[in-house]
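Please take a moment to look over the structure below before reading on. The paragraphs that follow lead through it step by step.

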Amino acid sequence: MPTPKFIAALKGERHAVPPMWFMRQAGRYLPEYRAVRAEAGGFLDLCYDPERASVVTLQPIERFDVDAAILFADILLLPHALGQTVVFESGEGPKLSPPTTAGDLEAFAAADVHDRLGPVYETVKKTRAGLAADKALIGFAGAPWTVATYMLAGGPLKDPTALRAHVYRDRGFVDALLDLLVERTIAYLSAQIDAGVDAVQLFDTWAGGLPGPVLDVVGVKPTERIAAALKDKHPEIPFIAFPKGVGEKASEYLHLRGVDALGIDHALDPAWARATLSPHLTVQGGLDPMLTVVGGEAMENAATRYLRLFHDAPYVFNLGHGFTPDTPPDNVKRLVDFVRGRDWA
């Protein structure tokens, strides 16, 4: 069976037309997603419904014929599986009950996350069965620091990096929480691999804005622990790290054991990424998601820069973050056709 183009790129193969997928490619900008979401009821209900979650995972493949599907789930399923109260309220985002004591962490540690996450693994199996052999399925989890920001704050914050005060104030508590999340994230991603995903991505959405020593403690080292453990257990499965907003500190992720590819955000200079990152691993992403809202020549001109810069290196075309709900699907189709419309080598 031939290796999917996306997987080959993650393993270092260069392509004249790079493989592509998009973060948040299944979501509110698609009318077919909104229809399934309305049927499911609440957001968590959809995440834990293997039949419907599989349908929405496959929708971007059916509409755009991208090279990989990404499992429809949410980074907060893991704290939910640990026993933390997680509620998604329409228009307000998630709300959680923050842990404050060592006893709270002990209660989380006693939970068997696989009990609650079983439907997610079933979604993986259903989706993999519905994908063509040349399409890859990506599993994912939130990185420990990003998940911890929601757990500690009780929901989203305008400036999640302000939670670094916890590192200064009570390092022991933060270390214990991060250790727990590292261990459970390894178990969660390993189970996704066992269920059938072809690659995994770790989203560290709130890694940006941290001082170097803090980023090392809460971002870089936890990422390596997860990547290395998964590589030991599943050596054939590529691992993508996406530390959003870290700028040139992305170079600190270059030689982490187990990391095969590095996602870059739209604020990072792609020329720097090509010169500094590409000689060592596969680079993924970079295009500003706002350009897919605007569309037209602005979108194509920006895409051209990435495609020309990375034409001679292993590269996966993607965004610098996810689609926003106001993204016109026709612009996404135009972008896919544009990328595939010529030989970029």
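Two residues are said to be in contact when heavy atoms of theirs lie within 4.5 Å. With that in mind, and remembering that this is a predicted model, we can begin with lysine 231, which lies in helix 11, a helix that covers residues 212–233. Leaving out residues up to four places away in sequence, lysine 231 touches Ile237, Pro238, Phe239, Gly258 and Asp260. Is lysine 231 buried or exposed? Its relative accessible area is 18%, and because buried means under 20% relative accessible area, lysine 231 counts as buried.

Two of the residues just named lead on to aspartate 198, since Ile237 and Pro238 are also among its contacts, along with Ile7, Arg128, Lys135, Ala136 and Leu137, when neighbours within four places in sequence are set aside. Aspartate 198 is placed in the loop between helix 10 (171–195) and strand 5 (199–204). With one of its contacts, arginine 128, the link can be described in more detail, for the side chains of aspartate 198 and arginine 128 make a polar contact at 2.6 Å.

From here we can turn to the nonpolar interior, where the largest nonpolar core has 126 residues, and where Phe6, Phe22, Leu277 and Phe317 have the most contacts inside the core. Helix 10 gives this core its largest share, which comes to 13 residues. Phenylalanine 22 shows what such a residue has around it: apart from neighbours within four places in sequence, phenylalanine 22 is in contact with Val66, Phe317, Asn318, Leu319, Phe323, Val332, Leu335 and Val336.

The next feature is an open space, the largest pocket, whose volume is about 1,200 Å³. Its lining is made of 38 residues, and those that lie nearest the centre of the pocket are Arg24, Arg28, Phe43, Asp74 and Phe88. Which classes of residue make up the lining of the largest pocket? There are 21 nonpolar, 11 polar and 6 charged residues in it. Several elements take part, with at least two lining residues supplied by each of helix 2 (31–40), helix 3 (43–47), strand 2 (86–89), strand 3 (93–96) and helix 8 (144–153).

Helix 8 deserves a closer look, as the helix is mostly covered, with 9 of its 10 residues buried. Among these buried residues are Pro144, Trp145, Tyr150 and Met151. Just after the end of helix 8 comes glycine 154, which takes a positive phi of about 85°.

Methods:
Residues are numbered from 1 along each chain as its sequence is written. This is a predicted model: local features need pLDDT of at least 70, side-chain atom pairs count only at pLDDT 80 or more; totals for chains, interfaces and linings use all residues. Side-chain values use heavy atoms; hydrogens and water are left out. Helices (H or I, at least four residues) and strands (E, at least two) are DSSP runs, numbered from the N terminus. A polar contact is a pair of N or O atoms within 3.5 Å; within protein, one must be able to donate a hydrogen and the other to accept it, and residues adjacent in sequence count only if both atoms are side-chain atoms. A nonpolar core is a set of buried Ala, Val, Leu, Ile, Met, Phe, Trp, Tyr and Cys residues joined through side-chain atoms within 4.5 Å. Buried means under 20% relative accessible area, exposed over 50%, partly exposed in between (1.4 Å probe, protein chains only). On a 1 Å grid over the protein atoms alone, a cavity is a set of points where a 1.4 Å probe fits but cannot get out, and a pocket is an open set with protein on both sides within 12 Å along at least five of seven lines; lining residues have an atom within 4 Å of a point. Grid points are joined across faces, edges and corners, and a volume is the space filled by probe spheres set on the points. Ala, Val, Leu, Ile, Met, Phe, Trp, Tyr, Cys and Pro count as nonpolar, Asp, Glu, Lys and Arg as charged, and the others, Gly among them, as polar.
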